[in-house]
Amino acid sequence: MTVLEQPGAYRPAPPPAWRPRTDPAPLLPDREPYRLLGTGAELDPTLLRTLHGHLVRGRRYNRQATALTKQGRLAVYPSSTGQEACEVAAALVLEERDWLFPSYRDTLAAVARGMDPVEALGLLRGDWHTGYDPYEHRVAPLSTPLATHLPHAVGLAHAARLKGDDVVALAMVGDGGTSEGDFHEALNFAAVWRTPTVFLVQNNGFAISVPLAKQTAAPSLAHKAVGYGIPGRLVDGNDVAAVHQVLSEAVERARRGEGPTLVEAITYRLDAHTNADDATRYRDDAEVETWREHDPVELLEREMTARGLLDEATRERAHEEAEEMAARLRARMNEDPVLDPMDLFDHVYAEKTTQLREQAERLRAELAAEGAEENGEGDER
Ligand SMILES: Cc1ncc(C[n+]2csc(CCOP(=O)(O)OP(=O)(O)O)c2C)c(N)n1
């Protein structure tokens, strides 16, 4: 007889009323990133053509915007070259009534959603606060602080649901952004409130010079979803058909009221972090070359050619259209914008603070003095 079997012995019981809150198995991401291109899967030819046009224009837009930084027409540009499949798919899976919450790298997603390509660069040009009206295309400001837009996306989606509005919010963040407290808070609130939010993590391998291995010890970023009780999906971020499908499913799920999804797209930033960065200092050319073999534009073009959906003439036309778009962008960016410095004080607070009013008055006086000088008033000579 053991001690515990003796009459009157203390018998440890399991914790009262404990049970797993949800079965974690269905929330786990697949072991391999989901792919469609090259698998022989049935694909919609019209969708492939649309995606192709967007990818080709997107690639050209990235190249043109980077060139504009070298010509002093753009202050900074965080290129999404190599990540165009994620950018385009994120924009195209949303309905007009939905909201996109991009990060600073996601200008292309905003443009693919219909935003004026010059307005989309307003912030990066250093002209204006956001550079565009967020309500026009339902695109929140491009967020420079990492992950701070994720709780905003959750708040907007939650509010919409409370009001009975059929709106989904899709928020984009980088692998580095997943280490921010805001990422955790957003996912936790989204999961508990079951908000119609889709989180798209573009894992492009680096947070500036910090590789993923120094960012997290998680099996994958998609696995983080399980800790919040929401599904995590892993997708090949350079396979535009796969990203489009996985995000569409996440959006539909959110729309049905089944709550948020975390999607990790495995991709690669082919350019440096921005034009101000030298990527050769922290990564090998050989690594970049391996990813060039897995280029999103080429993957799609090879697939479409194999399926008889892309002949040389169609391909050339798509590239010509992209050239024309780049020429229009160049011409418009080469015009000097007419800016009123007093705009600086608008839209900061609903009501200006005392300090802001004082600063505005000082600037107004400076501008008036400058104007008077230019008009020759007060000239001593
Ligand atoms: C809150 C905050 N901390 C630090 C920075 C500085 N910063 C700008 S970009 C960046 C790296 C972000 O990497 P990642 O989230 O992977 O996105 P990627 O640039 O690769 O798209 C850092 C640390 C910032 N913008 N915001």
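A residue is near a molecule if one of its heavy atoms lies within 4 Å of it. This is a predicted model, where local features need pLDDT of at least 70, side-chain atom pairs count only at pLDDT 80 or more, and totals for chains, interfaces and linings use all residues. Residues are numbered from 1 along each chain as its sequence is written, and side-chain values use heavy atoms, with hydrogens and water left out.

**View 1. The shell around the ligand.** The ligand has 15 residues around it. Y104, R105, G176, G177 and F206 come nearest. By class, six are nonpolar, six polar and three charged (Ala, Val, Leu, Ile, Met, Phe, Trp, Tyr, Cys and Pro count as nonpolar; Asp, Glu, Lys and Arg as charged; the others, Gly among them, as polar).

**View 2. Polar contacts of the ligand.** A polar contact here pairs N or O atoms within 3.5 Å. F206 places a polar backbone atom 2.9 Å from a ligand oxygen. At T144, a backbone N or O atom lies 3.0 Å from a ligand nitrogen. The side chain of H273 has an N or O atom 3.5 Å from a ligand oxygen.

**View 3. The two domains.** Domain 1 spans 25-333 and domain 2 spans 341-374, with bounds from an automatic or database domain assignment. Their C-alpha centres lie 37 Å apart.

Note on methods: A polar contact is a pair of N or O atoms within 3.5 Å; within protein, one must be able to donate a hydrogen and the other to accept it, and residues adjacent in sequence count only if both atoms are side-chain atoms.
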